[in-house]
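Colleague: I'd like to learn how to read the contacts and the empty spaces in a model like this. Could we start with the ligand?

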Amino acid sequence: MKIGIDRIGLYSPHYYVALADVAAARNVDPNKYIIGIGQTEQAVPPSAEDVVTMGASAANEFIGDIDTSKIGLLVLGTETGIDASKSGAVVIQRLLQLPMGMRTFEIKQACYGGTAGLMAARDYVAAHPDKTALVIAADIARYGLASGGEVTQGAGAVAMLVSANPRIMTIEDDSVFISKDISDFWRPVYTDLALAKGKYSTEQYIEFFQTVWARYQQDTGRTLADFAAANFHLPYTKMGMKALKTALPAASAAVQERLLARYHESTIYSRRIGNIYTGSLYLALLSLLENTSALKAGDRLGMFSYGSGAVGEFYSGVLQPGYTDLLAAAKHVQELDARTELTVPEYEAMFNNKVPYAADDYATDPKAVVGAFRLEGVVKQERQYRRNDK
Ligand code: CAA
């Protein structure tokens, strides 16, 4: 039975800052950010948005088109959840007005959470072929103003419906994965700012990729020549390229040229949005599918997922006939183009205006432009959400 991604939706905030401006404010050569790191713009969420509102907005792109009574599982993959106990998935279930007869939970393993959710969904559909699963990968990447990781911040969500006989891409049963307890990136519970050992994290990302890619080749007998494209978790767009380049020398010149061209297309959205942690690999997938005419049904795509801490997984997907009919390239580009650009002081003010780590009531800016859902604030330590049109 074929199982995989039947629908995919994207949401990212309506505000961004240009990284050339951030570079100027930090006395850094802008080419370090734009060429060296590979990021041009960075999505900036107002405090009226969090992983719940963004995740619900991403799913809202297709929820009206699907039979929601078939959803048996709703998983939120996030590492920037809104509560240490209750999952954001149950709030998303309510905001999307989904039926109660489903399992809802949140998965955490750094940027691997989206893939963990997708694999749980794949297993669920294999056991219940008549049912579907909604997987949402949503995050706000925050390292702090003027921190080493600032250039790799971002915000957004990708939602995916997993079903039998998927219309976009199968998730093949060929996964190779490894887990190892390391401290390359983490976030203590008292803060919303992530900590990273920058250089070490990039080395570990590459090492995990090399390990799973070598095992994948052994297990399947496939080589790079079997792939029309390879998608990577993109904490910043240079990162996946660093990993890909370690594998390329084994391929022919034509295969190298093809994979590099597709890689470039897979980074177009990330370059403008930044790191969305759990959703980054799936943002790369969406960017590739919506920005190339070089792919066709039957093509095999490689997928490398990395979540610090750390888990690495490589698997493949096969594009399905008619998959382009389910995409929304023009809408996504129009939404990115329509965003409001912030000056650096405006970005810094938006960054600092956040739901506090305290028991106080808090109100978000009612004028902040948001997607289909809004966090109004916190009253008596409970988050207050609503649909924008209600
Ligand atoms: N023009 C062009 N390029 C320039 C330049 C200039 N003027 N100045 C510097 N560069 C290049 C450097 O040569 C370097 O290129 P290479 O990586 O190809 O060598 C690149 O710009 C970056 O320069 P540095 O290594 O000096 O950058 P940095 O010390 O500021 O650190 C970072 C970069 C490690 C990514 C840092 O931003 C960081 O810590 N980010 C957060 C952690 C992270 O994203 N880690 C990725 C792996 S972990 C993961 O994937 C999970 C996750 O999502 C967090």
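Modeller: Sure. A polar contact is a pair of N or O atoms within 3.5 Å. Keep in mind that this is a predicted model.

Colleague: Okay, so how far is a backbone N or O atom of Gly 148 from an oxygen atom of the ligand?

Modeller: That distance is 2.8 Å. Side chains join in as well: a polar side-chain atom of Lys 242 lies 2.4 Å from a ligand oxygen, and an N or O atom in the side chain of Asn 275 is 3.0 Å from an oxygen atom of the ligand. Taken together, the protein covers 71% of the 1,100 Å² of accessible area that the ligand has on its own.

Colleague: Which residues come nearest to the ligand?

Modeller: There are 26 residues around the ligand, and the nearest are Lys 32, Gly 148, Lys 199, Lys 238 and Lys 242.

Colleague: Now the empty spaces. How do you find those?

Modeller: The general idea is to roll a probe the size of a water molecule over the atoms, which shows where empty space is left. Here, let's take the second largest pocket, with a volume of about 750 Å³.

Colleague: What lines the second largest pocket?

Modeller: Its lining has 35 residues, and Gly 149, Thr 152, Gly 198, Ser 201 and Tyr 236 lie nearest the centre. The elements that give two or more residues are helix 2 (30-37), strand 11 (195-196), helix 6 (198-220) and helix 7 (237-247). Helix 6 gives the largest share, five residues. Sorted by class, the lining has 17 nonpolar, twelve polar and six charged residues.

Colleague: Where does the second largest pocket lie with respect to domain 1 and domain 2?

Modeller: It lies between them, because domain 1 (3-170 + 327-387) and domain 2 (176-322) both give residues to its lining.

Colleague: And what about cavities?

Modeller: A cavity is a space where the probe fits but cannot get out, whereas a pocket is open. This structure holds one cavity of 30 Å³ or more, and about 50 Å³ of space lies in the largest cavity.

Colleague: Which residues line the largest cavity?

Modeller: The lining is made of Phe 209, Trp 213, Leu 224, Phe 227, Ala 230, Phe 232, Leu 244, Gly 302 and Phe 314. Helix 6 and strand 12 (229-232) are the elements that give two or more residues to that lining.

Colleague: How many residues of each class are in the lining of the largest cavity?

Modeller: Eight are nonpolar, one is polar and none are charged.

Technical notes
Residues are numbered from 1 along each chain as its sequence is written. This is a predicted model: local features need pLDDT of at least 70, side-chain atom pairs count only at pLDDT 80 or more; totals for chains, interfaces and linings use all residues. Side-chain values use heavy atoms; hydrogens and water are left out. On a 1 Å grid over the protein atoms alone, a cavity is a set of points where a 1.4 Å probe fits but cannot get out, and a pocket is an open set with protein on both sides within 12 Å along at least five of seven lines; lining residues have an atom within 4 Å of a point. Grid points are joined across faces, edges and corners, and a volume is the space filled by probe spheres set on the points. Helices (H or I, at least four residues) and strands (E, at least two) are DSSP runs, numbered from the N terminus. Ala, Val, Leu, Ile, Met, Phe, Trp, Tyr, Cys and Pro count as nonpolar, Asp, Glu, Lys and Arg as charged, and the others, Gly among them, as polar. Domain bounds come from an automatic or database domain assignment. A residue is near a molecule or strand if one of its heavy atoms lies within 4 Å of it. A polar contact is a pair of N or O atoms within 3.5 Å; within protein, one must be able to donate a hydrogen and the other to accept it, and residues adjacent in sequence count only if both atoms are side-chain atoms. Accessible areas come from the Shrake-Rupley method with a 1.4 Å probe; for residues, only the protein chains shown count as cover.
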